[in-house]
Amino acid sequence: MKQKYLVFGKVIELNTIDSREGKLLHNELSVYPLATQGPVDLQINYVLPVKSGDVIGRNPSTHSLRNDGFDFTMGPVTISYWFEQKDITRIDFSIKRSSTLMSTLNKLMNIQFTNHKEAIGQWFHEFVIVPLGFVLDGRALLHSSAVMTPERKAILFGGTGGVGKTSLEIELCKHQDCSFLTDDISFVSDDGDIFPNLAYPKIYGYNIKGDPKTRKEVFKGKGVINRFFFWLHSLRGDQYVRRRMSPAVFYGKVQNEKVSIQSYLILSKMDVDRIELKPLEVDKALNLSQKVIEREYQTFIDHLVWHDYNSILADKEPIISEKKLLSKNQTILQSALNKIDNIYLVKIPLHLPHAEFKSQMIQVLKDHKIL
């Protein structure tokens, strides 16, 4: 199946083999607008398996160099980048084959109750399309959730994992009339806009704890086995179990066009008695944000290093450079941050109960006229 989508302001032509997972991927991407005009910026092909072409070098075994690009493996996904004069024009990707038994075991052991192929939408966003934020001109990556207010302004919540970004996203979209923009990684432009990243939100056990209504929505239509393994994994802790949900189904209101960023709040858990919010300088916000996104995409960044390494071995000039791409991300991010009206550091008490965190944060947002 072939279809063109408008993703992150680019026309993406996606071609998938005739398969259940291919249909799942197109279904997940249906929340993006269809691209009915304009040239194709990037062709992406889901194939089985990736054909790498003439390999010049393979060091380490998960990374291969070609004259026109490179191939690499991240987890169960193999990805092939193709370039023309240093512009990326095509990406091929495949998902590791497995037997029916191994696929079933993988699903039962997985914290979100999916096997590798059922999670194709997640792999597509996390491994294939979102890392292009490092590559494409005028774009940068920021680790944050984001919502659009009824006044059509974006609020971004940054910080490390488990600090409360998704919980606020759920609260704002379900109870404060906001629209969904992104759950995990924001795609921002140098002029201070955010492009929707409509990857299915990952709802963890702690996101629905004490919220029976949302919990009921998460498990709507799910079978007994699904519910049982959610309970089983949660015995290790609520951070070890999650479910992915369509934002259109879960939230209803989904924004699929770029929005101007009004506020960026970096959440942090600190030794304080109550939630504290204070203005944050652009340079400090930039430093914190860059550190987090580099950790989030360390595996991808490692492959940029291996591309450089293999190019040196082959006496070739690297097509793309780790240092240049990280510097580009920082430069564009700085430009974006300079255009945001409100940048805050939010200090959250270390042991603040989840329900109190949500209610207090909503009040703080209202008191500072962010919401």
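Student: Let's start with the inside. By class, how many residues in the lining of the largest cavity are charged?

Tutor: Keep in mind that this is a predicted model. The lining of the largest cavity has 14 residues. By class, five are nonpolar and four are polar. The number of charged residues there is five.

Student: Which helix gives the most to the lining of the largest cavity?

Tutor: Glu126 is among the residues that lie nearest the centre of the largest cavity, along with Asp184, Asn197, Ala199 and Lys202. As for helices, the one that gives the most to this lining spans residues 120–129 and supplies three residues. That's helix α3.

Student: And what volume does the largest cavity have?

Tutor: The search covered the whole structure and turned up two cavities of 30 Å³ or more. The second largest holds about 30 Å³ of space. For the largest, the volume is about 130 Å³.

Student: How many charged residues are in the lining of the second largest cavity?

Tutor: Val7, Phe8, Lys10, Ile12, Ile129, Leu132, Leu136 and Phe187 line the second largest cavity. Seven of the lining residues are nonpolar and none is polar. The charged count is one.

Student: On to the rings. Why is the pair of Tyr46 and Phe93 called tilted, and at what angle are the planes?

Tutor: The count of aromatic pairs comes to 21. In the pair of Tyr46 and Phe93, the ring centres are 5.2 Å apart. Planes under 30 degrees apart count as stacked and over 60 as edge-to-face, so what falls in between is tilted. The pair is tilted because its planes are at 45 degrees.

Student: How many residues apart in sequence are the parts that this pair ties together?

Tutor: Tyr46 is in strand β3 (residues 42–46), while Phe93 is in strand β8 (residues 87–95). Both are buried, Tyr46 at 1% relative accessibility and Phe93 at 0%. Because of where the two rings lie, the pair ties together parts whose separation in sequence is 47 residues.

Student: What is the centre-to-centre distance in the pair of Phe70 and Phe72?

Tutor: Phe70 is buried, with a relative accessible area of 0%, and Phe72 is buried at 1%. Both belong to one aromatic cluster, together with Tyr81, Phe83, Phe134, Tyr297 and Phe300. Their pair is tilted, with 35 degrees between the planes and a centre-to-centre distance of 5.8 Å.

Student: Which ring does the charged end of Arg66 sit over?

Tutor: Lys174 has its charged end over the ring of Phe250, 4.3 Å from the centre. For Arg66, the charged end is 3.9 Å from the centre of the ring of Trp82.

Terms used
Residues are numbered from 1 along each chain as its sequence is written. This is a predicted model: local features need pLDDT of at least 70, side-chain atom pairs count only at pLDDT 80 or more; totals for chains, interfaces and linings use all residues. Side-chain values use heavy atoms; hydrogens and water are left out. On a 1 Å grid over the protein atoms alone, a cavity is a set of points where a 1.4 Å probe fits but cannot get out, and a pocket is an open set with protein on both sides within 12 Å along at least five of seven lines; lining residues have an atom within 4 Å of a point. Grid points are joined across faces, edges and corners, and a volume is the space filled by probe spheres set on the points. Helices (H or I, at least four residues) and strands (E, at least two) are DSSP runs, numbered from the N terminus. Ala, Val, Leu, Ile, Met, Phe, Trp, Tyr, Cys and Pro count as nonpolar, Asp, Glu, Lys and Arg as charged, and the others, Gly among them, as polar. Rings of Phe, Tyr and Trp (its six-membered ring) pair if their centres lie within 6.5 Å; planes under 30 degrees apart count as stacked, over 60 as edge-to-face and the rest as tilted. Buried means under 20% relative accessible area, exposed over 50%, partly exposed in between (1.4 Å probe, protein chains only). A charge sits over a ring if NZ of Lys or CZ of Arg is within 6 Å of the ring centre and within 35 degrees of the ring normal.
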